Structures are given as structure tokens and as C-alpha cells.
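Open the model in your viewer and keep the selection panel handy. We will go from a single residue out to whole chains.

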Amino acid sequence: MVTTMMTVRLRFGGGLGGTSRVEVTDFVLPEGTTVQAALETLARDKGDEVFHPAVLVAVNGRRIPAEECAARTLSPGDALTVIRGLAGG
Amino acid sequence: MKQIAGDTLFIDLSKRISWREPNDDLVRQYLGARGINARYLWELYEPGADAFGPDNPLIFGTGLLTGTVAPSSGRTTITCLSPATGWYLKTNAGGHFGGEMKYAGYGNIVVQGQAEEPTYVWIDDARVKFRDARHLWGKDVRETDRALKEELGDEDIQTVAIGPAGENRVMFASVMFTVYNAAGRGGAGAVMGSKNLKAVAVRGTGAVKPVQPARFHELALAARRSVEADSGFEGLGTYGTSGSLAAVNEVRALASYNFRRSHVDDVYRITGQYLSDSGLLKRRVACFSCPIGCHRHCAVGDGPFAGSSTGGPEFETLVALGSGCGTLDARAVIMANEIANVMGMDTISLGSVIQWAMESYEKGLITKEDLDGREMHWGDGEMIVELARKIAFREGFGDVLADGVKRAAERVGGDSYKWAVHGKGLEQSRVDTRSAKAYALAFAVNPRGADHLHTETFADFGMSPEGRALIEKITGDPKYTAAYCSEKRAEIVRWHEDCYAVTDALGYCAFTSTALYGVTPAMMADIYSAAIGIETTEDEIMHLGRRIVTLEKCFNVRQGATRADDHLPWRLMNEINPDRPEPDAINSQAELDVMLDDYYDLHGWDRATSWPTRATLEAVGLVDVGGELERRGKLPG
Amino acid sequence: MIDRIVVSYPELCTGCRQCELTCSYVHEGVYSPGLSRIRLVRFEGEGLSVPVTCVYCRRPYCEEVCPTGAMTHDPQTGTAVVLEARCIGCKECVGACPIGAADVPAAKDTAIRCDLCGGDPACVKACPTGALKFESISQATREKRRGRVKEFALVMDATLGREER
């Protein structure tokens, strides 16, 4: 069986994975991957800090709360943000 | 109580006299700083008095806790009628002036009248002197601070000063504390300039002592540990407020190109992380008693902006003078920030008028001729810097922009009001409220205008676990921690309003209680109890916060405010930006109306007019205020 | 006798004054930087702040010039002691100290000098950035030396061309 793959734009960093800037790369995933599964894949490479409660996870600019990550499916071309969220204004 | 609260110092610039009065009753009723200031403004300002006249009192108030070891407790508030908006103004700054003022024995300083010649006031503990400032007039803030330290022979005195912008009555002139800390919004610097008051210098050799010192000290240490335990503590200290540009950009709330866009693809070059990585950041700087240390000191070594050295830049500045103007050049922002700081101007408003001008030029409503032969393009860092100087001195087109974006749009005419991004005449802070609904409500109801420093609802973004926990506690359900959700916003705003008022009145920085959540209202009640020796509960202290917020609203009601004044900028109410193309990403009148109805109901204010009712004023301990409003026909039905 | 003192690292100091506030509270029961034994020297236009406190001179001039013997030290531990009953506030110690670490504050009749809080300096604990350390300055210097040398020594080692045969 061949799994169809899709490309998602990963926006990662801002203090995670030792990188302070937000790096934009292509993230190739099986079609229908949920946000949760995508984070798990990412964690294999970048470590468990991906699941830290102060990490901002967003799809196309909308924050996805932790409890919704398993239900939310990604589509090709989506922008998936995983960065450290900081304070102040 | 006097050894922690200080007295009020009254200064009459017209008569060149001063006197002092104790504060005890006011502390019990209004806590301190902003709260006590609000009461003075209510009593001393006569409706109809000119903002630039002798009868607009300029009131300084430092926190009840200021001078102690309580973490980040050195904030000082200035209160007056805003010349920019015609509405209530409270503006707040850090630095170290507040501590020194308290050691000199003062919690509040009420400045009335108008000096005939440029003057500065020298407060040397109990001795108050009026001194000639003609030789200082025209000097920038940094030069003034230096000159005063030399003249008075003491490097450790503290100053507040205006620069040329305040002298020239730029509508967004700031009062600068300890050189680089701006009480920026609403034109307090212009009021100070209109009084011919160049600076106030203070030396305080006294001590601050809470009524229950041992208990107080323990509570202060506990508050500090709590702040340090917050998930955002380290990041805020390491990267400053400029560390959150990336996160705000990712949720598409980063005001860019005059709010036409809310996202840039790569914001890195104007972030706090970049300032650190690039070496532009030279030092971290802390305000009085603050363990967070979020302020920056940056300097530029090469390129067209080489030689610039200044406190800052902060989040708002990097967005207002950076992405807002279409430039991602931190060096240009640093130089523009330096000019704003030393000339004494608010960077938010400065950026806002420049963006508005860039868009007006693009659309042909402003021409090269208007700009003294200069062209103007988005992202032109050198133009930004040049305009900043011209505005401070009201030169050329700078004179138009110096009046703020609302008046500039009225003068230029056409459709330019549509992209004048202000509420109540105050340029909006750089949060795209189309993507943040609690902020939207907060900005609309803020008595001084559309910004976040009345009610910083950072928890709205849901980025910090502590913030999410807070929203869940206030609303009962974690689903409301979504910034695009417009339900329950009234409850969220109300909690933050009360907490923020108590925070300001005690002298705490908002970062301890509403951006980091280390200092809770319960902790504020405890430490207040130890400070003044009168047991006060969390409910009681939040009630005092409520009283302060209500009094500020009453001031505006007396000035003629109605529901119609609680609005947002035209662009955010009418245009969707392509970075958030969803139908809910707009601050529509309909949505705002629902939130306002909720908000007024929750407050006990009349829906039609927004005015507090008699019953509400009684419940919050403002019966006399209600009486005066009634005499003026400003009580609902 | 005195080995460990309060060593300041000005590049880490943010000027928050927690050290001054804590010291004045611990010693005088009130908050007043003027009564603190550790003082910040601030250059506000440059955003710079440098902590200064007693460095425990091997030959303390402040003690030598004191006319009443009030400015002295504990014979066991070597930590500074001001015998307040003997101190007349003449300020000779203030003039004699080469770095400005002794003072007779406006709010006090007698002199003050850092006493290291009996071996557990409160200012060091209060500092949020690690700009104050309670350490032996000789030890600190050795570490500084090693830290700096390490940066280039290991590189040199790699490039000194020890070819394998």
C-alpha cells in the first residue's frame, strides 16, 4: 500500500530546538496527519520540548489548544507553527 | 502608614509655592499612585479648562509599595486631561524616579498652575525649590538629565524631563523618567511643556518602612519567587518585550503596513532574539526593584544608523516603527527610538502617524511638495528617522503629524480617516484586535483611548499555561482561551481592569500580574495589609480597583463621553486583512455591540449611554461623584 | 584571613537595586539604598550599573585612620565590625577608602561597611542575574584565566599539526 504524502510548511523555532529564529521548512507527512501526530514526528527529531505547555502551536495563524491537536487534521500547504510563546507588550 | 505611603506634595507653578498633606485616607480609599491621582484629578479639574492651561493639573503618583523590595514595584503614574484626546489620561513609567520620590517622603506630587518662564523643580527631601530652566529649554532629555546632575552636584539624583517635543506641544510628547523610561501615551509631555516645566529632579535620603516589616518582607520574597516561577519569566528577561514579536506574528496579530497586514513572512530581524544574536543589544536594564529586567540598551556600530545608542527598543516600538512602516531593519528602529526617547515622544503614536503618512502618500493624498520635496515609501528607514526629528520640532510636514493621526487625517481630508488607526483620538497599540477579541473590547472601553495599558489581556492569546488557567478560572471553561472568540470577553476584561488598577496603584509592574501571573490579587491584598497594617481581603482590594476604574469612567462621563466613544479604528471595524481572511477576523460594530452590552451590564452601567448608574456608584463607594454627575445631568434615567 | 568576598560582575548587573534594598533591610530594618553597604554606581544615559562594596583590603586604610577604633574587624573571622558606640561619624574612613565602600549615610550618625552578613551575604542571594558572587577573588581569577585560555588552547591543540604517522 502506498501512503500518499503531503507537504506542510513547518514554522519552527523561536527558542525551541536551540534556534531563536523562526525557521520555515517543508515538512513532508502522510496525508490526513493530525496536528498531534505531526508534533510526535517532530519530537523525534527536536525532542520533547515540543510538548512544553508554553509552546505555541498554530495552523495557518490560528492557535490550536493542546486538547484539540488530536482532532485537527492537516491539509497540504498548511502552515504549522511550533514555537516558544513569550510575554510582554 | 506615612513611612510607606508618603505625603502628597502640592506644587503651584504660578505662585511658586509648595505644601504637603498626609495621604492616609486616600490610601485606604484609593490605594496609591493611579488611584489617588484619579481622585485628585476628579476634584481639581474643572470641566472646560484648557488642557494647556494653568487649570489642568499634572499629577504624579508612585506606588504604595514603591521604595520597598517587593518585586517590580517601582512604577509611577502621571494623570491629567489629555490634550490629544480631550479625555482622561493616566500614563505610567518605570525607571527609578518613583523610588527616589518615595525616599524624599512623597507618594504623590500635584503640579498646578503655569510657570512664567521655563522652570524646573528641585525636590531635595523636604526642601522644594523652583529653579530657572531657561538654559535647559531646548535640550534633549538625556542632555537635561546630565546637566541637572552636574548643576546639582549629585550623580544619584533622579529626574523626569521633557524634551523639545514636549516644549513644542507635540500631541504625543512623553515625560521621560530616568532618561529612557517613557510615560508615553496621550501627550502628558505636552501638558508639562505648556506649564513651562522642563523637569523635576529629586533626591531622597529617607527610608521606607511598612507597618509590619517582617511580614511584609516575607510576602515580598514570596511574590518574587512566584514571579520567577512563571513560565514566561526567563524569556521576558532574556529577550525583553521584543521577544514576543515572533509569537504574535505567528498568530497573525502583528500590525504591519498600517494594519493592512498582520503577518510578515520572516520577522526575525526585528525581534528581541535578533537584537541579542546580532550584538545590537549591549545590556539588559531593570527598573527599580525588578528581578525580571526586561528593558534593553542597544547601540548601532555600523551602517547608516551608526552611533545610535539608546534604551529600548520595546515590542511596540519595533512594530510601530518597524513592521508597521514596512521595514524590518532593527538599526533604523533603534535610531528612530533614540530620537523619540531624547526628544521625548511616544513611539507608538510616532510610528502610527508615520505609517498613516506613508499610506496617504501611496494613495496620493500627500505629495512630495507636502514633504518638502522628499519622497516617501514604505520601509524607508532614513525617512522614518528624518520625520521623527521634524515632528519633534514641528518642522514642515512634521507640524501636521505632530498633532496626532486623528487631527492629521482631518486636515488632509479625503478618505485618510479610514486609515487613521486610533480610538478616542489615541493611536492604537500594535495589536491587531481583529485577531484578539478581548483586546478589542479592552481597547474600545479604555478611557484614555485604544490601547493595552488599561487592561493588558495577554492571556487572550492563550500562549502561556498560566494565562490559560486564568481565563479558565474567570470564565469557567478553557474553550474561551481562544483569541478569536468574542464570548465572555466582558468577564475577562473586567477581571483584568480591576487587577490592573490595583497593580498600578500599588506600583507593581503589569508584567508581574497580567503578562506573567506571579502576583495575584490575593497576594496584593496580603502585602497591602502588611504595608499599612490594616487587614484587607482579595475581594476588598479588587473592590478598590473597581472604584478606581469607575472613577476614571466618571471623569470621562463628566467630560461628555457616551457609548459612541467606545469604538475602535475605522480600518479594524471595516476591513479584513488578507493574512486573516476568515469572516470573524474583523471588529464589526455588531460584534462590538454585543461585547459592549455584556460589559456595561456586568459593570452596572447603562447600555444606551455607557454611564454608571446611581446604584452602581453607591455600591462602589462613589456617592459624592454620583451627586455631581446628577447635577450635571449625567446619571442615567 | 578573609578569603571570600562579594565579587561583582558588572556586565550582568541590570541596576535593579534588589541588593541595596535587601542589605538595608537586613541591617537597618528599613528600605533605603542610602543605608545599604553595597551601592550601585549608575550611568543612566548608558544603561550601565556597577555594584561596589568592600573588597576587604589586606591593609584596610579605613581601620588605620579611625581615631576611636570604631572601624575594626572581628579577630576570629576578619569580617568588618563598626562599634557604633565608639563611632563619632568623623568620616575619616569615608575619605580613606580608595573605592568608596565606606560611608556615613545622611540618615545615620555612624559609619557602615559590608560585614559579609556573617558569611552568607544577603545581597548575593538577592541578585537576580548572578552579578554578585560570594567567592574568593583569587579563585575567580584562576577560573577567568582558565576560561579564557581554554577558548584558544584547544583550538591550538587541534591545529598544532600533530600528524599521525
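Before the first stop, one cut-off: two residues are in contact if their C-beta atoms, placed from the backbone, lie within 7 Å. Please keep in mind as well that this is a predicted model.

**Stop 1: one tyrosine in chain B**

Select Tyr480(B), which sits in the loop between helix H19 (465-475) and helix H20 (489-506) of chain B. Which residues does Tyr480(B) touch, not counting residues up to four places away in sequence? Show Ile471(B), Thr475(B), Cys485(B), Glu487(B) and Lys488(B), and you have them.

Is Tyr480(B) buried or exposed? Tyr480(B) counts as buried, because it has 20 C-beta neighbours inside 10 Å, and a residue is buried if 20 or more other C-beta atoms lie within that distance. For a sense of scale, add Glu46(B): it is 434 residues away from Tyr480(B) along the chain, and their C-alpha atoms are separated by 42 Å.

**Stop 2: the domains of chain B**

Now colour chain B by its domain assignment: 2-203 for domain 1, 231-414 for domain 2 and 436-631 for domain 3. Place a centre over the C-alpha atoms of domain 1 and another over those of domain 2 of chain B, and the two are 26 Å apart.

Next, select the contact between these two domains, with 34 residues from domain 1 and 26 residues from domain 2 of chain B. On the domain 1 side, the elements that give two or more residues are helix H4 (97-103), helix H5 (141-151), helix H6 (164-167) and strand E11 (181-183) of chain B. H6(B) has the largest share of that side, 3 residues. Colour the domain 1 side by class and you will find 16 nonpolar, 15 polar and 3 charged residues.

**Stop 3: where chain B meets chain A**

Bring in chain A. Of the 2 pairs of chains that touch, A and B have the most contacts. Chain B puts 35 residues into this contact and chain A puts in 22 residues. To highlight the chain B side, pick the elements that give two or more residues: helix H9 (233-239), helix H10 (245-250), helix H11 (272-278), helix H12 (315-320) and helix H21 (510-515) of chain B. By class, the side of chain B that touches chain A has 16 nonpolar, 12 polar and 7 charged residues.

**Stop 4: where chain B meets chain C**

Switch to chain C, where 22 residues are in contact with 27 residues of chain B. Start with helix H1 (residues 18-28) of chain C, which gives the most to the side touching chain B, with 4 residues. That side of chain C divides into 10 nonpolar, 10 polar and 2 charged residues.

How far apart are the closest C-alpha atoms of chain A and chain C? They lie 18 Å apart, and no contact joins these two chains.

**Stop 5: chain C by itself**

Hide the rest and view chain C as a cartoon. You should find 5 helices and 6 strands, in the order β-α-β-β-α-β-β-α-α-β-α along the sequence. Turn chain C to its principal axes, where its C-alpha trace spans about 80 × 35 × 25 Å. The radius of gyration of chain C is 20 Å, where a compact globule of 165 residues would have one near 15 Å.

Finally, colour by burial: buried residues make up 38% of the 165 residues in chain C. If you draw a contact map, look at contacts in chain C between residues at least 6 apart in sequence: 59% of these join residues at least 24 apart.

Key: Residues numbered from 1 in each chain as written. Chains lettered and ligands numbered in written order. Predicted model: local features only at pLDDT ≥ 70, side-chain atom pairs only at ≥ 80, totals over all residues. Nonpolar A, V, L, I, M, F, W, Y, C, P; charged D, E, K, R; others polar. Rg over C-alpha atoms; globule rule 2.2 N^0.38 Å. Buried ≥ 20, exposed ≤ 12 C-beta atoms within 10 Å, placed from the backbone. Domains from an automatic or database assignment.
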